[in-house]
Amino acid sequence: MPASQSVALPLRGQFRALYQQLKRRGALAHTPVVFCEGDSWFSTPLAMNLLDWIVSPAPQDEERGVPLLGRGGLFFRAERSGDHASRNPDDPKRSMFVRDNIDDLIGWYANFEFDLILLSAGGNDFVEGFLKRTLGSRSGLSAQAAFQRVLDSGKYETVRKAYALFLQAAIAARPGVPVLAHSYDYPLLIGRAGALTPGNLGVAALLKKSVGPWIGPYIQGIAEAERPAFARLLIDGFEQHVLRALKADARFAAVFDYVDLRGTLTQPGQWFDEMHPTEAGFHALATKFRGAMLGKLPAAKR
């Protein structure tokens, strides 16, 4: 079996060492170097997630020596499950696009010749504590009325500004390097927690029996029949008021883009819980995401 064509390294010393080896060999001319920051869609250990599928070839592809991402690649992975894009009021240390964390990331990013930035951020900003604070104990809300409260909260603007803060720093450090984000897909299992087993999480599953839910318990004031519609409005709002608005912003239009993943996973069996697809679901999403990534890389590295 041939060696994997891509390498993912979350440890900075390891990344630096391998990067320097590739540079000495002249291999950087055809090896994509990708910087990744994000949330659980890039980092969940419950299954092969969206980024895992891109970094690691499927077994049958590995057997045939087929790189999953063009010519393979070197991936620096900084993502963590549970992180917010904007400042997390409940746990400020779990915040991606805030000044301290941006300074740390860009201080690292600026020292290497990255070809692409991948972002997965914003989903956690709109669940749990945010929903509890925004909807409170109100009852009898329609999906539209509840969503209006989300709009009135200014949260989309807050998340968009957080993204913009990161994008400004990244562009200043390395002008012209493309940045690719993604929308989320419409959740189909509102209120469903994810069951943990030794098979999907190892022995840690014996200490914690489930994950989530992050939406259902906080939208009890919405009529039950309208809860799926509310979740769809949240996802549509993120695409419209964050991602689409950033792409239309003249400051970022030359580098920022996103993959619209809405409507990809239409079967409940493709979802593990409220917010996370199954391994097969992530594979379907990764197929779309990978195509967009290849289009952003230099021709010699595709």
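Student: Is Glu128 buried, partly exposed or exposed?

Tutor: This is a predicted model, and the answer rests on the relative accessibility computed from it. A residue is buried under 20% relative accessible area and exposed over 50%, with partly exposed in between. Glu128 has a relative accessibility of 35%, and therefore counts as partly exposed.

Student: Where is Glu128 found, and what is its phi?

Tutor: Glu128 belongs to the loop that runs between strand S4 (116-120) and H6. Its phi is near 45 degrees, which is a positive value in a residue other than glycine. A glycine with a positive phi can be seen as well: Gly154, just after H7, has a phi of about 80 degrees.

Student: Which residues does Arg138 touch, not counting those up to four places away in sequence?

Tutor: Arg138 touches Arg149 and Gly221. Arg138 sits in the loop between H6 and H7. With 40% relative accessibility, Arg138 is classed as partly exposed. One may also compare separation along the chain with separation in space: Arg138 and Gln220 are 82 residues apart along the chain, while their C-alpha atoms are separated by 8.6 Å.

Student: How much of the protein chain is buried, and how many helices and strands does the chain have?

Tutor: Of the 302 residues in the protein chain, 49% are buried. The chain contains eleven helices and eight strands. Its accessible surface is about 13300 Å², and carbon and sulfur atoms account for 52% of that surface. If one takes the contacts with a separation of 6 or more, 79% of them are between residues 24 or more positions apart.

Student: What is an example of a buried residue in a strand?

Tutor: Phe75 may serve, as it lies in strand S3 (residues 73-77). Its relative accessible area is 0%, so Phe75 is buried. Leu51 is 24 residues from Phe75 in sequence, and the C-alpha atoms of the two are 9.9 Å apart in space.

Student: How should I read the buried residues of a helix, and which are they in H7?

Tutor: One lists the buried residues and then examines where they lie around the axis. In helix H7 (residues 143-153) the buried residues are Ala143, Ala146, Phe147 and Val150. They span an arc of only 100 degrees around the axis, and therefore lie on the same side of H7. Their cover includes helix H6 (129-135), helix H8 (155-173) and helix H10 (227-248).

Student: Which residues of H5 are buried, and what do they pack against?

Tutor: In H5 the buried residues are Ile102, Leu105, Ile106, Trp108 and Tyr109. Their arc around the axis is only 155 degrees, so they are on the same side of H5. They pack against helix H1 (12-24), strand S2 (33-38), S3, S4 and H8.

Student: What surrounds Tyr109, leaving aside its neighbours within four places in sequence?

Tutor: Tyr109 is in contact with Phe35, Phe114, Ile117, Ala170, Ala173, Arg174 and Val177. At 1% relative accessibility, Tyr109 is counted as buried. Val34 is 75 residues from Tyr109 in sequence, and their C-alpha atoms are 10.0 Å apart in space.

Student: How is the packing of two helices described?

Tutor: The description gives the angle between the two axes and the distance between them. For helix H5 (residues 99-109) and H8, the axes come within 10 Å and cross at roughly 25 degrees. Angles under 35 degrees count as roughly parallel, and H5 and H8 are therefore roughly parallel to each other. Their crossing is right-handed. On the H5 side, Arg99, Ile102, Leu105, Ile106 and Tyr109 take part, and they meet Leu165, Phe166, Ala169, Ala170 and Ala173 in H8.

Student: At what angle do H7 and H10 pack, and at what angle do H8 and H10 pack?

Tutor: H7 and H10 pack at about 35 degrees, with their axes 9 Å apart. The residues in contact are Ala143, Gln144, Ala146, Phe147, Val150 and Leu151 of H7 and Ala229, Phe230, Leu233, Leu234, Gly237 and His241 of H10. H7 passes H10 in a right-handed crossing. For H8 and H10 the angle is about 40 degrees, and the axes are 9 Å apart. The crossing of H8 with H10 is right-handed. Among the residues of H8 that meet H10 are Tyr156, Val159 and Tyr163.

Technical notes. Residues are numbered from 1 along each chain as its sequence is written. This is a predicted model: local features need pLDDT of at least 70, side-chain atom pairs count only at pLDDT 80 or more; totals for chains, interfaces and linings use all residues. Side-chain values use heavy atoms; hydrogens and water are left out. Buried means under 20% relative accessible area, exposed over 50%, partly exposed in between (1.4 Å probe, protein chains only). Helices (H or I, at least four residues) and strands (E, at least two) are DSSP runs, numbered from the N terminus. The arc is that of the directions from the helix axis to the C-beta atoms. Contact means heavy atoms within 4.5 Å. Accessible areas come from the Shrake-Rupley method with a 1.4 Å probe; for residues, only the protein chains shown count as cover. Axes are lines fitted to C-alpha atoms, for helices over the stretch in contact, and angles run from 0 to 180 degrees between N-to-C directions. Angles under 35 degrees count as roughly parallel, over 145 as roughly antiparallel, 65 to 115 as roughly perpendicular and the rest as oblique. A crossing is left-handed if the near helix is turned anticlockwise from the far one by less than a right angle, and right-handed if clockwise.
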